[in-house]
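Student: I would like a close look at a single part of this protein. Please walk me through how the part is built and what surrounds it.

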Amino acid sequence: MDTMNDKLTIALTKGRILKETLPLLACAGIESLEDINTSRKLVFDTNRPEVQLVVLRGTDVPTYVRFGAADMGVVGKDILMEQGAEGLYEPLDLGIARCRLMTAARVGWQSDGARIRVATKFVNIARNYFAQQGVQADLIKLYGALELAPIMNLADQIVDIVDTGNTLRANGMEPLQEIAAVSSRLVVNKAAMRSRYAAITQIIGDLTAAVQEAQSATP
Ligand code: PRP
């Protein structure tokens, strides 16, 4: 397998974002030669010989693009907010995987006015948010299943992604404050934007048209 080549590399976020990204890419004229959803491979050639796709955890996509290991990427705004966007252009909101970044607590929970304990994957976002609110928050970093933290009395609140709200409801919790609306974004390595200007602007243009088409098809 030859990945050390001159191909233009697009880093995709696996999971739900991937499922919504592939139709947009197809509409923009880029399709994997293999079924990405079922393959265990991480690098995929496409119908465009000069373009390849790699599939990563969302938290790693900005790193690959920032270092230029990938030229472009698709990643959630939540991750960009948490990690910062240094070294990256963010030219396009893909309008997919929409959800909200929220605070949440057990139903009926009320602050007693003292410090609160907040469990989250998004410690930078949470730190900034509670500082802006003037709330003294002790942050506890977790990597998943955040809804368990209030149940087990590890934390008073969580900061997490809310989509349908089903996970909160199923665990006796309720959303409190919205911190930010989230959707997936196209990011581009700043140096690649200069060195591969024509190819990258072509893809941004094609994806912009694909997003507009998708959004006009869904009321
Ligand atoms: C996310 C998030 C919530 C859930 C919210 O987890 O952390 O647990 O989705 O979705 P809902 O409002 O539709 O119930 P995800 O499934 O992405 O897994 P993760 O814990 O690995 O992030």
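**The five-stranded sheet and the ligand**

Tutor: Start with one pair of residues. Ala119 faces Ile140, a residue of strand 8. Keep in mind that this is a predicted model. The two strands behind that pair are strand 7, residues 116–120, and strand 8, residues 137–141. They run parallel and are joined by five bridges. Between strand 7 and strand 8 in the unit comes helix 4, residues 123–133. Together the three elements form a β-α-β unit, and the unit is right-handed.

Now widen the view to the sheet. It is open, has five strands and follows the order 8-7-9-6-10. Its pairing is mixed. Strand 8 is one edge strand, and strand 10, residues 173–182, is the other. Each of these edge strands pairs on one side only. On average, neighbouring strands here are turned by 30 degrees against each other, with direction ignored.

Helix 4 packs on this sheet. The helix touches strand 6, strand 7, strand 8, strand 9 and strand 10. Its direction makes about 170 degrees with that of strand 8.

The parallel pair has an antiparallel counterpart in this sheet. Strand 6 covers residues 99–106, and strand 9 covers residues 157–162. Six bridges join strand 6 to strand 9 in the antiparallel sense. One bridge is easy to find: Ala104 has Ile158 of strand 9 as its partner.

Next, the ligand. The residues around the ligand include Asp160, Ile161 and Val162. Strand 9 runs over residues 157–162, so these three sit in that strand by the run that defines it. Asp163, Thr164, Gly165, Asn166 and Thr167 are also among the residues around the ligand. Lys121, Ala145 and Glu147 belong to the surroundings too.

Three side chains come with distances. For Lys121, a side-chain N or O atom lies 2.4 Å from an oxygen atom of the ligand. For Thr167, a polar side-chain atom is 2.4 Å from a ligand oxygen. For Glu147, the distance between a side-chain N or O atom and a ligand oxygen is 2.8 Å. On its own, the ligand has 490 Å² of accessible area, and the protein covers 59% of that.

For context, look at the other sheet. It is an open sheet of six strands in the order 2-3-1-4-11-5, again with mixed pairing. Its edge strands are strand 2, residues 43–45, and strand 5, residues 88–93. Neighbouring strands in this sheet are turned by 25 degrees on average, direction ignored. Strand 1, residues 8–13, runs parallel to strand 4, residues 72–76, and two bridges join them. Ile10 has Met72 in strand 4 as its bridge partner. Helix 8, residues 197–217, packs on this sheet, with strand 1, strand 3, strand 4, strand 5 and strand 11 among its contacts.

How values were computed. Residues are numbered from 1 along each chain as its sequence is written. This is a predicted model: local features need pLDDT of at least 70, side-chain atom pairs count only at pLDDT 80 or more; totals for chains, interfaces and linings use all residues. Side-chain values use heavy atoms; hydrogens and water are left out. Two strands pair if DSSP finds at least two bridges between them. Helices (H or I, at least four residues) and strands (E, at least two) are DSSP runs, numbered from the N terminus. Axes are lines fitted to C-alpha atoms, for helices over the stretch in contact, and angles run from 0 to 180 degrees between N-to-C directions. Contact means heavy atoms within 4.5 Å. A residue is near a molecule or strand if one of its heavy atoms lies within 4 Å of it. A polar contact is a pair of N or O atoms within 3.5 Å; within protein, one must be able to donate a hydrogen and the other to accept it, and residues adjacent in sequence count only if both atoms are side-chain atoms. Accessible areas come from the Shrake-Rupley method with a 1.4 Å probe; for residues, only the protein chains shown count as cover. A crossover is right-handed if, with the strands pointing away from the viewer, the path from the first strand over the helix to the second runs clockwise.
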